[in-house]
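These are my notebook entries on helix packing and on one pocket. I looked up each contact in turn and recorded what was found.

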Amino acid sequence: MDQYQQYDWDRIPVWNKDNLKDSFILMNDQINGRIPVTKLEHWNQFTSFLESEFCNRKRVDLVFRGHRRYDWGLTPTLARFNEQNTIDEELAEAQLKLFRKAIRGRISDHSLFNSGDKREDDELWAIGQHYGLKTPLLDWTYSPYVALFFAFAKADEAEETDNPYRAIYILNKTAISDDEYFNDIRVLEPRKDDHGRLVNQAGLFTFSPYGLTIENKLIEVLGSEDYPDDELKNASQKAEEEPAILAKYICKVFVKNEQQKECLKFLRRMNVHHASLFPDLIGAADYSNILIEEWEQHRQDKKAVLLKPEPIVIAPPGIHAEIFIPSPTIESQDITSIVKLLHGSLSQDEVVEKDLLDRVAYEIAKILTDYKKVDFEERNDLALELKAKLRIVLRKLEYPENNRESVIYNILGFLMKQEVQS
């Protein structure tokens, strides 16, 4: 059983603006720890989420951070040297010293070489973060839509485990800027931004505390008797209210991983895209890559008729649809069989456009060419790998969600039957 099947998504509540108490839950698991979580079933619900009172509290500044995968935590790159995902102070000091030495002759701002000035140390960390240095910093943004962009900017990779939700973290910057209680979690807004990305991304950083994750330090402070929040103190007597109260300081919003390209188009209309967020040649190249992918997909869709030499009619009970099968560039009988499986998994009241079924069947057939000689009873690891790839294709091409697992089960049976016959 893979990670997706093990994770209890039904336990996580869907966001409800009219009932904050029932919108969050503490999973207390390896993925989320003590961070309250909620979920949105489509990215287009994010705007209404942002318009809620929860996101518009008076005198409270929120910052956001988008993650492509649901299971990525708030772990700075320099913290990935140990299993606890925490920053070692001695390691951090050694890294900064190495970087300061390595940039000699490569940077014109000589103030950054002043190791006795804490402010210049911070600026040096920020520059290093931009150029890929392992640092104790985490990137955040004042713009929730920039965070949504970073959550959806990249497509899933075929080789990785399934990723049904992307994620956006929300942090109460106003609260953690209070040095009296959160002096170990520092907020950094660099004075220098030679590359222009910070301004365009409305960006800032947090320093993770030494020896603790940022969320553990936050929860530690909030749980102390000294912290002046009566709601939190009373929450210990009403455990069901605690997640919603903690969420006012830090929370995680899962966003259903559907229609990734449509999300990017929506953000592009708001001028949130690679070219605007990365005002350099890298940003221009990434922006062009996204546009050319859309252009090529449109061209392939227009040429789809060339892949349909002969129409056939295959429909589940109650559905009458003329289906075209792609040309036999792989194996016609395989594609025909897959179309039948896709149809057979539909309920009587479900209708899927024939072009979509053609594309899904063709992409699945391409994947199956690598697994035709596999004995899945002996190679459970390859069965899990194949399931993950099939889920990604079915999700990307928006085959009905409720029918995906049954299709995958039937495809595995189809492959095993072929192996027996051969």
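Entry 1. Before reading a handedness, I set down the convention: a crossing is right-handed if the near helix is turned clockwise from the far one by less than a right angle, and left-handed if anticlockwise. I also note that this is a predicted model.

Entry 2. I looked up helix 16 (residues 354-368) and helix 17 (residues 380-396), whose axes lie 10 Å apart at an angle of about 160 degrees. Angles over 145 degrees count as roughly antiparallel, and helix 16 and helix 17 are therefore roughly antiparallel to each other. By the convention above, I recorded the crossing of helix 16 and helix 17 as right-handed. On the helix 16 side, the contact is made by Val360, Glu363, Ile364, Ile367 and Leu368. Helix 17 contributes Leu386, Lys389, Leu390, Val393 and Leu394. I sorted the residues of this contact between helix 16 and helix 17 by class and obtained eight nonpolar, two charged and no polar.

Entry 3. I next looked up helix 5 (residues 144-152) and helix 12 (residues 260-269), whose axes come within 10 Å and cross at roughly 150 degrees. Helix 5 and helix 12 are therefore roughly antiparallel to each other. Their crossing, that of helix 5 and helix 12, is left-handed. Tyr145, Leu148, Phe149 and Phe152 of helix 5 meet Gln260, Cys263, Leu264, Phe266 and Leu267 of helix 12. I counted by class eight nonpolar residues, one polar and no charged in the contact of helix 5 with helix 12.

Entry 4. How do helix 3 and helix 4 pack, and at what angle? I found an angle of about 75 degrees, with the axes of helix 3 and helix 4 11 Å apart. That makes helix 3 roughly perpendicular to helix 4. Helix 3 makes the contact through Ala92, Gln95, Leu96, Phe99 and Arg100, and helix 4 through Asp121, Leu124, Trp125 and Gly128. The residues of the contact of helix 3 with helix 4 comprise five nonpolar, two polar and two charged.

Entry 5. I then turned to the second largest pocket, which holds about 300 Å³ of space. It is lined by 17 residues, and those closest to its centre are Lys118, Trp125, Arg186, Phe207 and Tyr210. Which elements give two or more residues to the lining of the second largest pocket? They are helix 3 (89-102) and helix 4 (118-130). Helix 3 gives the most to this lining, with six residues. By class, I recorded eight charged, seven nonpolar and two polar residues in the lining of the second largest pocket. I note that Trp125 is listed both in the contact of helix 3 with helix 4 and among the residues closest to the pocket centre.

Methods. Residues numbered from 1 in each chain as written. Predicted model: local features only at pLDDT ≥ 70, side-chain atom pairs only at ≥ 80, totals over all residues. Heavy atoms only, no water. Axes fitted to C-alpha atoms, helices over the stretch in contact; angles between N-to-C directions. Helix = DSSP H or I, 4+ residues; strand = E, 2+ residues; numbered from the N terminus. Parallel < 35°, antiparallel > 145°, perpendicular 65-115°, else oblique. Contact = heavy atoms within 4.5 Å. Nonpolar A, V, L, I, M, F, W, Y, C, P; charged D, E, K, R; others polar. 1 Å grid on protein atoms, 1.4 Å probe; cavity = no way out; pocket = protein on both sides within 12 Å on 5 of 7 lines; lining within 4 Å. Points joined across faces, edges and corners; volume = space filled by probe spheres on them.
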